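The following paragraphs lead the reader through one protein structure, step by step. Please keep the sequence and the three-dimensional view at hand while reading.

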Amino acid sequence: MSKDTISDLITSIRNADMAKKETVRIPSTNITENIVKILLREGFIENVRKHQENKKNFLVLTLRYRRARKRIYRTRTILKRISRPSLRIYSKYQRIPKILGGIGIVILSTSRGIMTDREARLERIGGEILCYIW
């Protein structure tokens with residue numbers, strides 16, 4: 001585990017998705033909890049629950065499935081880290097990018113907390129671009 005908890009979160013979800021795992025367990029911090037709430041609200045994950053083990057808190061994420069006629073298949077969730085500790089990327093609210101014409105979301109860290117690109121445009125505030133999800 002590195003000190004970049006956002007990259008650890010994104011990498012854990014991406015690896016579990018590629019390995020077709022049903023659940024992912026990640027360490028719980030304020031930033032990861034806020035990002036997971038956004039992912040849950042936007043429909044990229046199915047369920048979240050808190051788990052405590054040896055006085056350490058974890059979040060257990062249930063990844064999203066879709067049901068086809070005869071089989072269950074996973075929707076491909078693509079997560080991309082943009083701003084990182086060695087290179088921070090900031091944007092004004094007018095210049096926040098739209099991912100796939102608005103289908104994907106951009107997660108930003110603003111002065112009013114962590115929010116999506118749509119919420120930041122409505123409140124007319126910019127911030128640090130944390131990641132893209134589509």
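**A threonine at the end of a strand**

The side chain of Thr-110 comes within 3.2 Å of the backbone nitrogen of Arg-112. The same side chain also reaches the backbone oxygen of Gly-113, at 2.6 Å. Before going further, the reader should note that this is a predicted model. Thr-110 belongs to strand 8, which covers residues 105–110. Is Thr-110 buried or exposed? Its relative accessibility is 12%, and residues count as buried under 20%, so Thr-110 is buried.

The pairing of the strands places these contacts in context. Strand 8 and strand 9 (residues 113–116) run antiparallel and are joined by 4 bridges. The two strands form a hairpin, with 2 residues between them. Within this pairing, Thr-110 stands opposite Gly-113 of strand 9. Gly-113 is thus both the residue facing Thr-110 and the residue whose backbone oxygen the threonine side chain reaches.

Strand 8 has a further partner. It is joined by 5 bridges to strand 10 (residues 127–133), and these two strands also run antiparallel. In this pairing, Ile-107 has Cys-131 of strand 10 as its bridge partner. Why can strand 8 be described as largely enclosed by the rest of the structure? The reason is that 5 of its 6 residues are buried.

**A second hairpin**

Another antiparallel pair is formed by strand 2 (residues 45–53) and strand 3 (residues 56–63), with 8 bridges between them. Here too the strands make a hairpin with 2 residues between them, and Asn-54 in the turn has a positive phi of about 55°. His-51 of this pair stands opposite Phe-58 in strand 3. Val-48 also lies in strand 2; with a relative accessibility of 24%, Val-48 counts as partly exposed. Val-48 and Leu-63 are separated by 15 residues in sequence, and their C-alpha atoms are 9.2 Å apart in space.

**Links between charged side chains**

The whole structure contains 8 salt bridges. One of them joins the side chains of Arg-81 and Asp-4, with a distance of 3.0 Å from N to O. Arg-81 is in strand 6 (residues 79–81) and Asp-4 is in the segment before helix 1 (5–18), so this pair ties together parts that are 77 residues apart in sequence. Both Arg-81 and Asp-4 are buried.

A second salt bridge involves strand 2. Arg-25 is bonded in this way to Glu-53, and the closest N and O atoms of the two are 3.1 Å apart. Arg-25 is in strand 1 (residues 23–27) and Glu-53 is in strand 2, so that the pair links parts of the chain 28 residues apart. Arg-25 is partly exposed, because its relative accessible area is 43%. Glu-53 also counts as partly exposed, at 33% relative accessibility.

Strand 2 takes part in another such link, in which the side chains of Lys-50 and Glu-33 form a salt bridge with an N to O distance of 3.5 Å. This pair connects Lys-50 in strand 2 with Glu-33 in helix 2 (residues 30–42), 17 residues apart. Lys-50 counts as exposed because its relative accessibility is 61%.

**The first helix**

Helix 1 follows the segment that holds Asp-4. The helix has 14 residues and reaches 20 Å from its first C-alpha to its last, close to the 20 Å expected at 1.5 Å a residue. Which residues of helix 1 are buried? They are Ile-6, Asp-8, Leu-9, Ile-10, Ile-13, Ala-16 and Asp-17. A general rule is useful when reading such a list: an α-helix has 3.6 residues a turn, so residues three or four places apart point the same way. Just after helix 1, Lys-20 takes a positive phi of about 60°.

**A nonpolar patch on the surface**

The walk ends at the surface. Ile-78, Leu-100, Ile-103 and Trp-134 make a nonpolar surface patch of about 390 Å². Leu-100, one of these residues, is found in the loop between strand 7 (90–91) and strand 8. With a relative accessibility of 52%, Leu-100 counts as exposed. The loop that holds Leu-100 leads to strand 8, where 5 of the 6 residues are buried.

Key
Residues numbered from 1 in each chain as written. Predicted model: local features only at pLDDT ≥ 70, side-chain atom pairs only at ≥ 80, totals over all residues. Heavy atoms only, no water. Patch = residues over 30% accessible without salt bridge, like charges linked within 9 Å, V, L, I, M, F, W, Y side chains within 5 Å. Areas by Shrake-Rupley, 256 points an atom, 1.4 Å probe, with all protein chains shown as cover. Salt bridge = Lys/Arg side-chain N within 4 Å of Asp/Glu carboxyl O. Buried < 20%, exposed > 50% of the residue type's maximum accessible area, 1.4 Å probe, protein only. Pairing = 2+ DSSP bridges. Expected span 1.5 Å × (residues − 1). Polar contact = N/O pair within 3.5 Å; in protein donor to acceptor, adjacent residues only side chain to side chain.
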